[in-house]
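Thanks for coming. I will walk through one fold today, starting in the sheet and working outwards, so please have the sequence and the model open.

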Amino acid sequence: MRGRFMAVRRWFRTHRRFVRRVLLVAAAGVVLLAGGVAGSAAWIRGGADGHVFTEADVPAAPVALVLGTKVSADGTPSPFLAGRLEIAQRLFDAGKVRAILVSGDNMNADYNEPDAMRRWLVDRGVPAHKVVLDYAGFDTYDSCARAKRIFGVDRATVVTQSFHLPRAVSLCRHLGIDANGVGDDTARRYAQRWWISSTREYGACVKAAVDVLSGRDPMHLGRHETGVEDALRAG
């Protein structure tokens, strides 16, 4: 054991300059990463500043954009998704929105967030023709970009959890939607998942900044869809 320890000491003495450079590069990388995360989070907060409201105070808008998240194997929305849908339903019932665009993941035939979201809303009294489905909302950026570019949404109330709301509102606004937002806090009772999701937002803010600066297209584009326009025209 002593011989191994002495060999390690000799190696470090021989390669002292190399080790110092590696440590300096690693320290610089940590500083740059921390700066990038902090800068991205500040940029997100700035983009949403003044556009996050309580349910009672949010201005009226033509459309509620509800962002998807996990549904169970039988199509039941998770508590996080149900919290979002409950807000959208109440906004619709109060006349603060006239249509609801549900945007989520339908990457394969066995998993379908938008259909589950529509079914939940219709079962609770929202007319089916007032619920519009976006099956290619694979992440927040894609949902916001497609709301604007595919569904022609110019003004909307974004609905998601409160920890996610600044990023969602900021992305929509940077992509050309006059967006305000309302956040759900009922899912805070799921403390562990709430904490994990809130922590992941720091990395998600960096991705959001990269997405906007790169101007990338959403994963799926296509022709203009008139679902939102039809829902707004319908009585």
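**The sheet and what packs on it**

Strand 2 (residues 63-67) pairs with strand 5 in the parallel sense, over 4 bridges. Strands here are DSSP runs of E of at least two residues, helices are runs of H or I of at least four residues, and both are numbered from the N terminus. Two strands count as paired if DSSP finds at least two bridges between them. In this pair, V66 stands opposite V159 of strand 5.

Before going on, a word on the source: this is a predicted model, in which local features need pLDDT of at least 70 and side-chain atom pairs count only at pLDDT 80 or more, while totals for chains, interfaces and linings use all residues. Residues are numbered from 1 along each chain as its sequence is written, and side-chain values use heavy atoms, with hydrogens and water left out.

Now the other side of strand 5. Strand 5 (residues 155-161) is joined to strand 6 by 7 bridges, and the two run parallel. V159 stands opposite V182 in strand 6, and V158 has G181 as its bridge partner there. Strand 6 also has strand 1 (residues 52-53) as a parallel partner, through 2 bridges. F53 stands opposite V182 in strand 6.

How are the 6 strands of the open sheet ordered? The order is 1-6-5-2-3-4, with parallel pairing. Strand 1 and strand 4 (131-134) are the edges: each has a single partner strand, so one side of each is left without a neighbour in the sheet. Helix 3 (residues 79-93) packs on the sheet and touches strand 2, strand 3, strand 5 and strand 6. The direction of helix 3 makes about 145° with that of strand 5; such angles run from 0 to 180 degrees between N-to-C directions, and axes are lines fitted to C-alpha atoms, for helices over the stretch in contact. Touching, or contact, means heavy atoms within 4.5 Å.

At the strand 4 end, strand 3 (residues 99-103) pairs with strand 4 in the parallel sense over 4 bridges. V102 stands opposite L133 in strand 4.

Next, burial. Buried means under 20% relative accessible area, exposed means over 50%, and partly exposed is in between, with a 1.4 Å probe and protein chains only. Strand 5 is mostly covered, with 6 of its 7 residues buried. Strand 6 (residues 178-184) is mostly covered as well, with 5 of its 7 residues buried. Over the protein chain, 42% of the 235 residues are buried.

On to helix 6. Strand 5, helix 6 and strand 6 make a right-handed β-α-β unit; right-handed means that, with the strands pointing away from the viewer, the path from the first strand over the helix to the second runs clockwise. Helix 6 lies across strand 1, strand 2, strand 5 and strand 6, and runs at about 165° to strand 6.

Helix 6 (residues 165-174) also meets helix 5 (residues 140-149): their axes come within 9 Å and cross at roughly 40°. Which residues make this contact? T140, Y141 and C144 in helix 5 meet R167, A168, L171 and C172 in helix 6. These divide into 5 nonpolar, 1 polar and 1 charged. Nonpolar covers Ala, Val, Leu, Ile, Met, Phe, Trp, Tyr, Cys and Pro, charged covers Asp, Glu, Lys and Arg, and the others, Gly among them, are polar.

Helix 5 is itself mostly covered, with 8 of its 10 residues buried. Among them are D142 and R146. The cover over its buried residues includes strand 2, strand 3, strand 4, helix 6 and helix 7 (191-214).

One loop residue to finish. T69 lies in the loop between strand 2 and helix 3. Is T69 buried or exposed? T69 counts as buried, because its relative accessibility is 16%. Leaving aside neighbours within four places in sequence, T69 is in contact with S78, F80, L81, R84, Y111, E113 and R193.

For the overall count, the protein chain has 8 helices and 6 strands.
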